[in-house]
Amino acid sequence: MSRRSWVRPLLAMGLVAVTAVVSACGTSGPGETSAGSLKIWALEDPVLNKIEQKSIDSFKANGGNASLETFGNDPYKQRLRVAMGSPQAPDLFFNWGGGNLKEYVDAGKVADLTSVLEENKAAKDAFIPSVLDGAKLDGKYYGVPMRGMQPVLLFFNKQVFKDAGVEPPTTWDQLLTLVDTFKAKNITPIALAGTQAWTELMWAEYVLDRFAGHEVFKNIRDNGPAGWKDPAVVAAMSKLKELIDRGGFGQSFASVGYDAGGASTLLAQGKAAMHLMGTWEYTNQLDQSPDFVKQGNLGWVAFPSIPGGKGDPSNLVGNVSNFYSATADSKNLDAAKKFVTTTLHEDSYIDALIEAGDVPPVVGAEEKLKKSPNPEYASFIYELVLDTKNFQLSWDQDLPADDATFMLTQLQEFFLGKVSPQQFVDAVAAR
Amino acid sequence: MKSRPNWPAGLFALVWLAIVVGPLLYLVTVSLRSRAEYLGKSAWEIPDALTLDNYVTVLTGNFGQYLLNNVIVTVATVAIVVLVTVPAAYAVVRNTSPFVQRGFTLLLMGLAIPAQATIIPVYLMITRMRLYDTLTAVILPTAAFALPVAMLVLVNSLRDVPRELYEAQAIDGAGPLRVLVSLVLPLARPAIMTVVVYTALNAWNGFLFPLVLTQSESSRVLTLGLWDYQGQFGTNVPALLAAVTLSVLPIFAVYLIGRRFLLSGLTAGFGK
Amino acid sequence: MSSQRPSAWYAVPAFAFFALFAALPMLLVIYLSFTAWDSLGTPRLNGGENWARLLDDAEARASVWRTLLLMVMSWLVQTPIALLVGVWAAGKQRSRAVLSSIFFLPLLLSTTAIALLWNALMEPNFGAFVGGPLFLGDPDIALYTVVLVISWQFIPFHTLLYQGAARAVPPSLYEAATIDGASRVSKFRHITLPQLRYTIVTSSVLMLVGSLTTFDTVLILTQGGPGTATRILPLHMYITGFKGFEMGYASAIAVVLVVLGTALSLAVMRWSGFRSMSSQQEGS
């Protein structure tokens with residue numbers, strides 16, 4: 001009898017063992033959702049996910065069936081892209097609206113929600129129209145707002161301003177003067193988390209908007225990179241360059257991070273006087289430097305106007321809101337439609353958002369916002385959005401991912417003085 | 001014949017000692033400071049008080065989960081690598097068929113493939129296999145890329161086994177499996193140990209595969225967890241450094257217990 | 001007799017595993033480099049478009065240049081230090097043994113841990129060098145700073161190689177030279193260095209291959225910034241692929257990385273004798 005005959009079975013057993021090791025670890029992966037159950041994907045957020053889960057629970061209580069999966073920021077974008085091209089696509093997915101959503105709409109992946117919103121007037125009319133428009137493409141609605149509004153504000157350290165005997169800026173020229181004032185006092189005028197280009201982008205967005213109006217970027221988004229060649233872009237970037245060269249952001253911004261908390265801490269410690277950031281800065285400060293906020297030293301104003309500029313001073317940039325959109329070929333499309341038109345404007349959902357410190361994008365929330373943990377701040381944001389003529393989504397969300405990534409790199413080079421305003425425009429227009 | 005002490009070299013060694021130890025001292029001392037001390041005082045000042053709070057912060061968080069994931073990834077990777085390479089190395093040394101020999105040469109070419117360069121297709125394969133965001137997704141490519149060095153080390157060591165020993169076993173009528181168990185395994189023990197340490201270190205410290213192939217907290221390994229702490233802790237750098245210190249402890253323990261094995265695993269296949 | 005020898009099946013699991021998760025991706029990356037794939041749908045062949053674009057991509061060229069600079073700089077910094085420390089640590093004195101066990105400590109830290117530690121150390125506002133150079137924030141020195149961090153991490157490894165090799169130098173060589181009245185420097189030049197030739201080659205090639213594929217250190221320290229000051233080739237690939245979702249184009253960059261890596265590793269095989277060993281077995 002050949003001894004080989006028992007070698008093979010043994011080897012096979014070894015292989016089985018290996019496979020067993022491997023598959024035992026595989027069980028932690030996400031399982032398939034049962035048919036008829038809505039698969040909902042959202043961005044990870046320790047506070048808001050609980051509220052979203054509650055809305056799902058109430059949907060279930062009314063006979064529906066759904067489950068929530070959440071992901072961190074970068075993996076979310078990656079995973080969504082992969083999933084949308086596969087049978088693993090979620091039925092409802094979180095997004096930022098605008099160009100970010102447009103890529104999926106253009107690929108025929110997103111369901112048109114216009115008719116269902118028209119049929120459910122109560123749902124449609126509950127939302128602030130300009131916010132609902134954040135997911136409107138070619139006259140059709142592709143998403144329903146599901147989180148708070150997050151415009152970008154100019155935060156400042158009240159104590160530092162008081163010590164210097166100055167007021168927060170309302171115009172660009174005042175801002176420039178303030179830069180000199182704080183520089184003389186050895187305080188970084190503006191904290192900037194330059195390791196993360198999106199913080200620099202906020203400055204470019206506001207300066208271009210104030211200086212030349214919001215149509216310039218709309219044109220870039222709708223008609224392609226050639227739109228960057230509008231002379232207004234070079235002019236606006238030159239204005240921004242003045243601010244950088246004047247030392248507005250200090251010397252070390254290129255190694256300060258936002259996620260790492262550097263920029264926010266500089267503001268809280270009075271080492272920097274101002275900080276341009278999304279509304280989440282408040283929660284962030286409250287978490288990282290609670291005393292600073294509790295002593296009432298965190299101040300905020302809208303971005304200063306640029307006298308003579310074409311843009312309306314009420315214009316905002318930032319995250320208009322976040323949206324749920326439905327996948328076009330979802331087997332549960334009707335349930336998805338039902339979900340977005342019933343749960344997202346419910347009082348309990350809105351109240352929970354407010355309680356969490358969010359400013360929900362619904363009309364007539366003035367009274368409710370008084371119950372916010374930070375009523376003054378929440379009402380300020382709410383009024384700001386109600387009064388705005390245009391609320392521009394962050395450019396990096398509003399452009400296709402490849403163009404956005406390229407633009408962010410160029411912008412970092414621009415802030416470092418490695419490329420001039422003209423070179424910046426030439427580079428991004430040539431994409 | 002006792003030579004006089006070499007002063008310039010000694011001085012150089014002391015300077016180098018300072019460069020090596022300085023950052024490590026910074027790591028440990030800052031991890032024992034409070035956040036307020038860290039933000040308010042220069043790193044060079046003596047702190048008013050030391051605290052273990054940062055370690056408590058880290059240990060009450062997800063550190064345990066990350067550590068466990070790291071252990072699972074490491075153990076599974078080592079298990080796969082050892083299970084498949086020991087018989088394969090035996091075959092390479094004792095089986096002259098072109099299939100085995102060509103295969104071995106091809107496998108050695110794998111020494112030339114930078115794992116980074118294959119990350120996109122690996123990502124494609126893993127998502128198509130529906131393994132994305134599982135520990136398996138990390139284990140499979142990590143193990144595959146550990147194979148060439150492991151095979152090299154094992155084959156080198158088995159080649160040193162005198163042919164006569166194999167032949168003596170054959171005369172005794174032992175089949176290949178018995179030879180594997182009673183001859184190859186004992187003789188290759190040091191080499192297997194080296195492979196285990198080398199593979200374990202690689203899996204333990206892996207970054208790119210977990211970065212691209214996993215995302216959720218439940219499948220996060222320690223290296224990514226540390227990176228994630230940077231955002232989570234913000235300017236609570238003492239807590240971040242406490243986490244870094246904790247992450248070093250397991251390997252440090254191994255270093256204390258089996259310094260020789262650890263060092264041989266590090267230089268697997270390259271030290272003479 | 002053949003039944004006493006292991007059958008080819010013994011090698012199959014290892015080969016199959018390697019083929020599936022290392023060799024197949026290798027082939028796939030070449031295929032993908034000829035496709036357009038935004039990771040939304042399926043890869044679509046687009047001829048040589050990615051390659052034409054790569055030839056024209058100033059950023060890719062710059063990142064190759066940075067990668068080469070990083071390789072050369074890390075070699076220049078690491079080799080002399082590792083060589084000297086290694087030879088010193090090979091001495092039999094008790095003090096040297098104690099100190100060298102401390103020298104190896106950085107080996108115990110993962111790349112992630114080291115990058116995070118140095119990041120904290122060099123933080124411009126709260127780190128250990130407040131008011132000093134900006135290190136990672138200054139585009140002109142950021143790449144050199146990365147070289148320093150990499151060197152701190154890897155010199156211990158190369159020290160270990162040199163220590164082992166230096167211990168293997170026959171003491172009789174030194175004794176003979178001492179009798180001839182050779183100075184310490186002259187012994188180092190005429191005995192130690194030639195004896196370590198083989199190790200110098202191995203260590204150098206490992207350094208070069210290692211710095212070619214540096215990724216985590218840079219991702220954590222600078223994400224390729226400030227601007228593009230430290231965007232080396234692997235990082236350029238990662239950003240293109242996983243931030244810009246241009247997976248096809250990123251694959252073309254990856255192929256360049258493979259070609260560079262293979263060229264270098266063939267050198268490893270050639271110089272360090274792996275090749276002669278494996279071809280010897282082939283029986284030629």
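In which helix of chain B is confidence lowest, and in which is confidence highest? Confidence is expressed here as pLDDT, the predictor's own score for each residue on a scale from 0 to 100. In chain B the lowest mean, 77, belongs to helix H14(B), while the highest, 95, belongs to helix H4 (residues 63-94) of chain B. Over the whole of chain B the average pLDDT is 88, and 97% of the residues score at least 70. Where pLDDT is low, the predicted coordinates should not be read in detail.

This is a predicted model, in which local features need pLDDT of at least 70 and side-chain atom pairs count only at pLDDT 80 or more, whereas totals for chains, interfaces and linings use all residues. Residues are numbered from 1 along each chain as its sequence is written, and chains are lettered from A and ligands numbered from 1 in the order in which they are written.

**Chain B**

Chain B contains 14 helices and zero strands, where helices (H or I, at least four residues) and strands (E, at least two) are DSSP runs numbered from the N terminus. The radius of gyration, taken over C-alpha atoms, is 23 Å for chain B, whereas a compact globule of 272 residues would have a value near 19 Å; the globule rule is 2.2 Å times the number of residues to the power 0.38. Along its principal axes, the C-alpha trace of chain B spans about 75 × 70 × 30 Å.

Of the 272 residues in chain B, 54% are buried, a word used when 20 or more other C-beta atoms, placed from the backbone, lie within 10 Å of a residue's own (12 or fewer makes a residue exposed, and anything in between partly exposed). In helix H14 (residues 259-266) of chain B, the buried residues are B:Leu262, B:Leu263, B:Ser264, B:Gly265 and B:Leu266. Their cover includes helix H10 (189-205) and helix H13 (237-257) of chain B, together with helix H6 (142-167) of chain C.

**Where parts meet**

Two residues are in contact if their C-beta atoms, placed from the backbone, lie within 7 Å. The contact between chains C and B takes 76 residues from chain C and 83 residues from chain B. On the side of chain C that touches chain B, helix H1 (residues 12-32) of chain C gives the most, with twelve residues.

In chain A, the domain assignment, which is automatic or taken from a database, gives domain 1 (38-149 + 320-392) and domain 2 (150-318 + 400-429). The C-alpha centres of these two domains of chain A lie 28 Å apart, and 17 residues of domain 1 are in contact with 18 residues of domain 2. Helix H19 (375-387) of chain A is one of the elements that each supply at least two residues to the domain 1 side, and H19(A) gives the most to that side, with six residues.

The table divides two of these sides by residue class: Ala, Val, Leu, Ile, Met, Phe, Trp, Tyr, Cys and Pro count as nonpolar, Asp, Glu, Lys and Arg as charged, and the others, Gly among them, as polar.

| Side | Nonpolar | Polar | Charged |
|---|---|---|---|
| Chain C, touching chain B | 55 residues | 17 residues | four residues |
| Domain 1 of chain A, touching domain 2 of chain A | seven residues | seven residues | three residues |

**A covered strand in chain A**

In strand E12 (residues 323-326) of chain A both faces are covered, with A:Phe323 and A:Ser325 buried on one side and A:Tyr324 and A:Ala326 buried on the other. In a regular strand the side chains alternate between the two faces of the sheet. Strand E3 (residues 92-95) of chain A runs antiparallel to E12(A) and is joined to E12(A) by four bridges, pairing being counted when DSSP finds at least two bridges between two strands.
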